[in-house]
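Hi everyone, thanks for coming along. I'd like to walk you through a structure, so please have a look at the screen and we'll take it piece by piece.

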Amino acid sequence: MPPHVNRLQASADPPTSEAVRTQKENELLQTETPPIVKNRTEALKALKSVNFIEKAEDIKSIRSLANAFFLFADPQKHEKGQKKLDSSLPDRQFLEAVGRILLGFAIDPQEQVRTYIHDALEVFTDEIKTSIREQCDKVITVTTETNTNIVSLANETQQVSSTIKKSAEDVARTYCMVAASPAAAHSSSPHFIPRPQVLNKQEKYDRQIMLKLNDDNPLLSSERSDDEVAKTIQEALSSLDLDNTHDTTIVSASRKSPRKDTVLLELKSHPTALWLKEEDRIISLATRLGATVQDRTYQVMVRRIPLTFDAELRSPDPPLKIASDNSLEPNAVKSVKWIKPAERRSEDQKSAYAMISLTTPQAANCLIRDGVHLNEKRWHRPAVRSTRDAPRCLKCQHYGHLAKDCPNAEACGTCGDGHPTRGYATKLRILQINLNKSRKAQLDLINDPHLQSAWDVILLQEPNISFYNNISTARGFRQVYPSARARSENVVRSGIWVNEKISTNTWREIEIEGTADITAIQLSGAHNTITILSIYNDCLNRDTERALNRFMTRNSRALLDNGGHVIWGGDFNRHHPLWDNDEDHRLFTSQAISEAEQLIQLLAEWNMEMALPKGIRTLEHMRTKNLSRPDNVFCSDHTSHRIIKCDTVPELRPTNTDHIPIGIVIDMGKVEVLPEQRRNFRMTDWEGFNASLTEHLYDHDTSTELRTPVDFDNQVSLLMTAINSTIEANTPLCTYTKYTRRWWSKELSQMRDQKQKLAWLHVKHAADKDNPIHDEYRRTRN
């Protein structure tokens, strides 16, 4: 192999120092004469001395070296002090310097690659910079135009908003049928805002006057038409305008009310209506027509006013007192009255609804916005606008008549079937509560007199249990326990109470194996099925979560197919920012977050959503009074739109428990068992019964001999009809429940009342041992 091939292969590695570089260059030389230019540094100095280059970068590549040669050879481009080429032999030092530079390129081929890449990158960088600069200019231009448009739009919006605000300053915002002031005149401005419908209606109201005709008024005659009445009123109205400066034209004058004793007068001109209402002109008009003026009133309803204000509201002073307590004008309140008459109130009724009639819409708006203050502002109650709905029959569900006058068949107001609505409730009410294993808390809940009427299902966690692992149950509810095997092996920490009013044909209990901390029931009806689980999740382990996951996995098709609903409610003992209040930072430890994320994964796996809104606290610590959220309610994703209400019920919190109950109201029907009604023959008036039966049988022929079976059947049918009619007329109905003592009679009630009265007298005269009331009490009692 030739020696120069080895030299080229050896030169593939770049030089590491100037001395090594010079040695490799010398090895490539094929002359024995020692060179004048010893190394690259001396070569660069020689080329600079003859002005061949100015700096080393001018010949960093073969291309730049070639360009330097052409410039050096061009006689027209020689600068001052630069050597000029002629036909003589070239300078040896110059040629060796050029050769030395070329040798450097020969021993370092990577240099050319680096140089080429560097030049290409410089060109590419310049192009990129130019393109970016152009795009930035375009973005700046578009942004400037957008900002200009936004500013212009904001100015126009502000201008329109100011116009709307100015036009609506005097418009009532609450009482939708009334506006506070007349509408402004139309404007030719391009920014004119059309008057809303409420202003047009108020303008019409302002032009109306209502007159109540006296009993002896000839206008009450049915022979007179509305046109004749309008003509008479027009003549009386024109006689008031002596100067003939007002437009007294009447648009309409119609008689209202069943007796036709009320005339609604509508004027054509609004200024005329204002003029008529000044200086008692309207009273003069009413006097000429033989009528009285009826002011328009705006009624506001106040809910649940304590009956302790009964005497105060019945007195003639309530309008002035209410106006004074609520900072209204003295004549703003026209009247105050109870909606239900006092004689129709129940014995244990504590509050009632009242209706307040006001003379101005501004006063009605104030009461609707701020509520009603009573008793020198010591009591406050919210007020709402009174509305009148069309009469609806609660028997056939049609409009226009009442149930007492209904000739149609009965129909359910919920499902439309032919059964009474009272047997089909449209809301399912669930109460979830942790009793903290306290017997006092459980007895407090059991003794709540409104528990059965207020709730359908009660989910219990940590109830108080007996020695035999039983739970005391409230009256009117059926107890549901966890699975029998788990109950025999573990302590029961969950349970469900189901209201006895719910038909047992529409619900069943579901056993969940392997845990006594989960109890489940499933209700069925028109809403498909809903499965309700009462869950207690121990804070020390995940056994309950695993059992819940197993149950959902094995029964997912039965629970969720065909739109089935699922609700998880209970004490989960998990804290996470997803449901806890953001201020409770002390609860968000790394361990708590890790445990809660496992529950979140379980919720995500079964598409469960949180029904109780975030941030609502459900526990108040007994000692520290710190608030937290261990209890929660979750529902399937397609159930959330049926949740009417899900919130805490602090007023139902029993004693000796730190958990706050949660109330859930769901838009789902349930079939209730109607109480059995029978005839109470003990309350029958037998004298009236015999008289009524005799009257029914008086016209029947009882002496005719019955010769055929048909005659016999007809006679029996007539007799049964007479007896049934007599029973319905003389024997009252009574409701029987499982608590009814059917052996109890009216005589026993009288004897009990007599015994209680004598017992009171016995105690009253206890100091007088010789009083005969003591012996009478003993005889009656025994």
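**A walk through the model**

Let's start with one pair of residues: Val336 has Ile356 of E7 as its bridge partner. That pair belongs to strand E6, residues 333–338, which runs antiparallel to E7 with five bridges between them. E7 also pairs with strand E5, residues 298–306, again in the antiparallel sense, this time over seven bridges. There, Tyr298 is matched with Leu358 in E7. So is strand E7 enclosed or not? Six of the eight residues of E7, residues 351–358, are buried, so the strand is largely enclosed by the rest of the structure.

Before I go further, a word on confidence. This is a predicted model. The average pLDDT for the protein is 80, and 81% of the residues reach at least 70. Two stretches need some care. Residues 1–16 stay under 50, and the model gives them 13 contacts beyond four places in sequence. Residues 169–195 are also below 50, with 50 contacts in the model beyond near neighbours in sequence. Where pLDDT is low, the predicted coordinates should not be read in detail.

Now to the open sheet. It has six strands in the order E14-E15-E13-E12-E25-E24, and the pairing is mixed. Which strands stand at the edges? They are E14, residues 477–480, and E24, residues 643–648; each has a single partner strand, so one side of each is left without a neighbour in the sheet. From one strand to the next, the twist averages 15 degrees. At the E14 edge, the pairing with E15, residues 494–499, is antiparallel over four bridges. If you want to find that spot, look for Arg478, which stands opposite Val498 in E15. Lying across E12, E13 and E15 is helix H14, residues 439–446, and H14 runs at about 10 degrees to E15.

Next, please look at helix H17, residues 543–560. Where does H17 bend? The bend is at Arg554, by about 60 degrees. The buried residues of this helix include Thr544, Leu548, Phe551 and Met552. The buried residues of H17 pack against strands E16, E17, E18 and E19, and also against helix H18, residues 590–605.

Thr544 brings us to a polar detail. Asp517 sits in the loop between E16 and E17, and a polar contact of 3.5 Å links the Asp517 and Thr544 side chains. Is Asp517 buried or exposed? Its relative accessibility is 8%, and the cut-off for buried is under 20%, so Asp517 counts as buried. Apart from neighbours within four places in sequence, the residues in contact with Asp517 include Arg493, Ser534 and Tyr536.

Last stop: two backbone oddities. Most residues other than glycine have a negative phi. Asn562, which comes just after H17, has a positive phi of about 60 degrees although it is not a glycine. Asn562 lies in the loop between H17 and E19, and at 70% relative accessibility it counts as exposed. Ser327 also has a positive phi of about 60 degrees without being a glycine. You'll find Ser327 in the loop between helix H12, residues 318–325, and E6. Ser327 is exposed too, with a relative accessible area of 61%.

That's the tour. Thanks for listening, and I'm happy to turn the model round for anyone who wants another look.

Methods
Residues numbered from 1 in each chain as written. Heavy atoms only, no water. Bend = angle between axes of the 7 residues up to and from the residue. Helix = DSSP H or I, 4+ residues; strand = E, 2+ residues; numbered from the N terminus. Buried < 20%, exposed > 50% of the residue type's maximum accessible area, 1.4 Å probe, protein only. Contact = heavy atoms within 4.5 Å. Pairing = 2+ DSSP bridges. Axes fitted to C-alpha atoms, helices over the stretch in contact; angles between N-to-C directions. Polar contact = N/O pair within 3.5 Å; in protein donor to acceptor, adjacent residues only side chain to side chain. pLDDT = per-residue confidence, 0-100.
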